[in-house]
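Student: Please take a close look at the surroundings of ligand 1. Which classes of residue make up the shell around it, and which elements supply them?

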Amino acid sequence: MQQEAFIRLEGVEKEFRTAAGSFMALKGIDISIRRGEYIGILGASGSGKSTLLTMMTGIDRPSAGEIHIGGEALHNMKEGQLAAWRGRSVGIVFQFFQLMPTLSALENVMLPMDFLGKIPLAQRRKRALLLLERFGISDQAAKLPSAMSGGQQQRAAIARALANDPELLVADEPTGNLDSTTADSIFTAFKQLSNEGKTILLVTHERSVGSLVQRKLILVDGRLAEDSAKVQAGGFVA
Ligand code: ADP
Ligand code: MG
């Protein structure tokens, strides 16, 4: 059964112009992703993984090509429209957590709810607590990030990314600063989220994630060198 794509990239290119000249960071990227897929994006440092995520989160715009997500044409949106779309549609998890240092874990999770205003005021604290609980750190709710371990901070950051219940969760090397046991528990948490229907884009260096994600995209020098879904469709994988 053919399902309508949730994310569709067509001929996406990204050119950076610098004093040293122009550099093509993404070249002719075509990808189609269904709702609820758990995608691992792999590739060497400098291959374009982060740049691809900035295109799919509307943080930056492609130099050419089209990006459609959830029926919206991101490549046609103005800066302000992109920011609004991102706020209601995407949760982002970073390598260095990027929690607000002066806010407690609980307040960090409530902050995006306050920004967007979708979750009613009276429900925000309870929702934030439930999210912390879901990731096993409700006992850390009152702590500042500096008093939490790296793994606890990243769990709080994932809870924050889910604050407004976005359809799309994007993580750029979220376990780059964590030990491998903590990393595995975070990859497993993403798997559960994808089972619940969230679409997950995970950039990682960790080869071990290959067995957890449903589908791998491998970038080489700004090109999509491999898409495991296409390999399977072509019958190359048993
Ligand atoms: P990855 O995340 O796979 O390590 P990036 O997407 O960060 O790779 O970068 C891909 C390439 O694009 C690199 O060669 C990088 O130097 C270049 N690049 C990324 N961002 C910029 C920028 N803002 N200006 C110029 N070059 C950039
Ligand atoms: Mg990167």
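Tutor: By class, the shell around ligand 1 in this predicted model has seven polar, four nonpolar and one charged residues. The residues that surround ligand 1 are Phe16, Thr18, Phe23, Ala25, Ala44, Ser45, Gly46, Ser47, Gly48, Lys49, Ser50 and Thr51. Among the polar members of this list are Thr18 and Ser45, and Gly46 and Gly48 are also counted as polar. The nonpolar members include Phe16 and Phe23, while Lys49 is the charged one.

Oxygen atoms of ligand 1 take part in several short distances to polar protein atoms. For Gly48, a polar backbone atom is 3.0 Å from an oxygen atom of the ligand. For Lys49, the partner is a polar side-chain atom, which lies 2.8 Å from a ligand oxygen. Thr51 likewise places a polar side-chain atom 2.5 Å from an oxygen atom of ligand 1. As for cover, ligand 1 taken alone exposes 560 Å², and the protein buries 61% of that.

With regard to secondary structure, the elements that give two or more residues to the shell are β1 (7–18), β2 (21–33) and α1 (49–56). The largest share, three residues, comes from α1. Lys49 and Thr51, whose side chains supply the polar atoms described above, both fall within the range of α1.

Key: Residues are numbered from 1 along each chain as its sequence is written. Chains are lettered from A and ligands numbered from 1 in the order in which they are written. This is a predicted model: local features need pLDDT of at least 70, side-chain atom pairs count only at pLDDT 80 or more; totals for chains, interfaces and linings use all residues. Side-chain values use heavy atoms; hydrogens and water are left out. A residue is near a molecule or strand if one of its heavy atoms lies within 4 Å of it. A polar contact is a pair of N or O atoms within 3.5 Å; within protein, one must be able to donate a hydrogen and the other to accept it, and residues adjacent in sequence count only if both atoms are side-chain atoms. Accessible areas come from the Shrake-Rupley method with a 1.4 Å probe; for residues, only the protein chains shown count as cover. Helices (H or I, at least four residues) and strands (E, at least two) are DSSP runs, numbered from the N terminus.
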